[in-house]
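Subject: Handing over the structure

Hi there,

Here is the structure I promised to pass on to you. Please open it alongside this email, and then read my notes below.

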Amino acid sequence: MLTVPTGQAATGMTGWVPRVCLVSHRLGGRDGVSVEAAKWAAGFSGLGWPVTRAAGLFTDHQAGDVTVTGLWAQRPGEPPPPVDHDVVRALVATHDLVVLDNVGSLPSAPLAARAWQDAVLAAARPMIVRHHAPAWAAMPDDHPPATLLPLHHPGDLHATINQAMYTQFARRWPELLHADALRVVHNRVDVATLAAGGDRAGVRAAMGVADAELLLVHPARGVARKNIPAAVRFARRLAELSPRPVRYWLTAEDSPTSDDGPLVPLIPAALAQAPGGALRGSIPRPADMYAAADLVVLPSTWEGWGLPVVEAAAAGRPVVAGPYPVLGEIRAHGVRVYDPQEVDTVSDLLRHPARRARELAANRNAVTRHFDAAALPGQLRELASQARRLAGAA
């Protein structure tokens with residue numbers, strides 16, 4: 001059982017500077033949810049709000065983290081162990097705002113998701129449920145929703161990472177609209193750090209890429225739905241048109257499995273045909289990755305958002321992406337993204353530095369206006385205020 005620390009949740013102090021409990025299945029890794037959760041944690045901290053991280057697994061365990069049994073399976077393929085309800089209730093009791101980051105979306109630990117919701121509602125605490133990728137997000141709109149997940153109680157504030165998911169939630173659970181309990185909160189990027197650039201020469205030298213070579217990076221933490229064969233086809237076609245030798249770099253290090261979709265049998269053959277031989281492996285800093293590359297490709301069949309598209313635009317790199325549906329939302333905010341079929345157009349762009357510089361400057365300006373992480377603390381304050389109103393605590 002946790003010791004209840006002295007704080008607003010325990011003392012009822014006025015002047016709301018909430019203690020935030022940020023909860024996810026696992027935290028600290030390079031997966032998309034961990035990366036985005038870290039941005040929210042930093043955003044809350046930027047407001048001067050203390051943050052406790054709670055998860056079933058930490059890959060970067062820090063002082064103050066709380067491991068919550070029931071959020072993460074001990075072995076792949078097995079269900080999580082029983083939920084530690086005492087720890088959940090103690091965390092809710094000692095914090096003023098709870099954030100469930102994808103816990104209320106994926107069916108990885110449904111009993112834990114329900115335990116958090118029940119504890120929060122019983123204590124009348126504000127809660128923000130951020131939905132990255134419900135299991136049905138890539139399915140047709142008429143696919144019947146699960147009865148439990150994603151969580152959809154109108155007493156909590158639900159934040160979707162794209163407009164398409166917002167529309168699905170609104171259609172399935174109109175009570176969320178009636179309660180004003182639904183928001184779109186796009187993933188944001190650190191524009192200043194990406195725009196400042198990274199170690200281009202060092203990364204290319206370490207990878208054996210010559211200065212004269214044109215390097216295409218395909219940012220991917222896994223291979224499912226990343227459409228690697230399409231990326232390699234684009235690289236091969238560009239190599240036919242480019243006066244410079246072309247190299248293809250896939251950052252995913254894992255080998256495909258049977259769970260990665262129908263394109264799995266095509267991936268090894270595709271990689272074997274990559275111009276100059278496929279490069280594999282990730283590097284820790286995104287700024288270094290984008291600095292080393294000349295072009296970013298992301299021809300995914302599905303993405304919840306497609307963060308590399310926005311990151312690349314902030315870093316000043318041309319982007320080829322799609323056909324995943326949510327890409328239209330990024331384009332609608334003024335980011336120029338080329339289609340994988342536009343090989344001739346991209347090849348021509350790379351030959352004209354002045355035109356390329358104008359397009360890339362416009363892309364960075366669009367990202368700065370709409371997706372800059374510098375604006376995240378203010379957005380989080382507004383979300384927390386609305387969550388508080390929904391909980392009846394204002």
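What follows is a short tour of the model, from its confidence to its sheets and helix contacts.

First, some ground rules. This is a predicted model, in which local features need pLDDT of at least 70, side-chain atom pairs count only at pLDDT 80 or more, and totals for chains, interfaces and linings use all residues. Residues are numbered from 1 along each chain as its sequence is written, and side-chain values use heavy atoms, with hydrogens and water left out.

On confidence, the average pLDDT (the predictor's confidence in each residue, from 0 to 100) is 90 for the protein, and 90% of the residues score at least 70. Residues 1-14 have pLDDT below 50, and in the model this stretch has 27 contacts beyond near neighbours in sequence; a contact means heavy atoms within 4.5 Å.

Now the sheets. Helices (H or I, at least four residues) and strands (E, at least two) are DSSP runs, numbered from the N terminus, and two strands pair if DSSP finds at least two bridges between them.

One open sheet has 7 strands in the order β3-β2-β1-β4-β5-β6-β7, with parallel pairing. Its edge strands are β3 and β7 (182-184), each pairing on one side only. Strand β2 (residues 51-58) pairs with β3 in the parallel sense over 2 bridges, and Ala-55 has Thr-67 in β3 as its bridge partner. Helix α4 (residues 110-123) packs on this sheet, where it touches β1 (20-27), β4 (97-101) and β5 (127-131), and its direction makes about 160° with that of β4. For such values, axes are lines fitted to C-alpha atoms, for helices over the stretch in contact, and angles run from 0 to 180 degrees between N-to-C directions. Helix α5 (residues 163-172) lies across β5, β6 (157-160) and β7, and runs at about 165° to β7.

Another open sheet is formed by 5 strands in the order β10-β9-β8-β11-β12, again with parallel pairing. β10 (279-280) and β12 (319-321) each have a single partner strand, so one side of each is left without a neighbour in the sheet. Strands β8 (residues 214-218) and β11 (residues 295-298) pair in the parallel sense over 2 bridges, with Leu-216 opposite Leu-295 in β11. Helix α9 (residues 228-241) packs on the sheet, touching β8, β9 (246-250), β11 and β12, at about 165° to the direction of β9.

Helix α15 (residues 353-370) is worth a look too. Helix α12 (residues 307-315) packs with α15 at an angle of about 120°, with their axes 7 Å apart. α12 and α15 are therefore oblique to each other; angles under 35 degrees count as roughly parallel, over 145 as roughly antiparallel, 65 to 115 as roughly perpendicular and the rest as oblique. Here Val-310, Ala-313, Ala-314 and Ala-315 of α12 meet Leu-360, Asn-363, Arg-364 and Val-367 of α15.

The axes of helix α14 (residues 343-350) and α15 come within 7 Å and cross at roughly 105°, which makes α14 roughly perpendicular to α15. Asp-348, Leu-349 and Leu-350 of α14 make the contact with Arg-355, Arg-356 and Glu-359 of α15.

Finally, a single residue: Ala-73 sits in the loop between β3 (66-67) and α3 (85-93). Apart from neighbours within four places in sequence, Ala-73 is in contact with Glu-78, Pro-79, Pro-80 and Pro-81.

Happy exploring, and best wishes!
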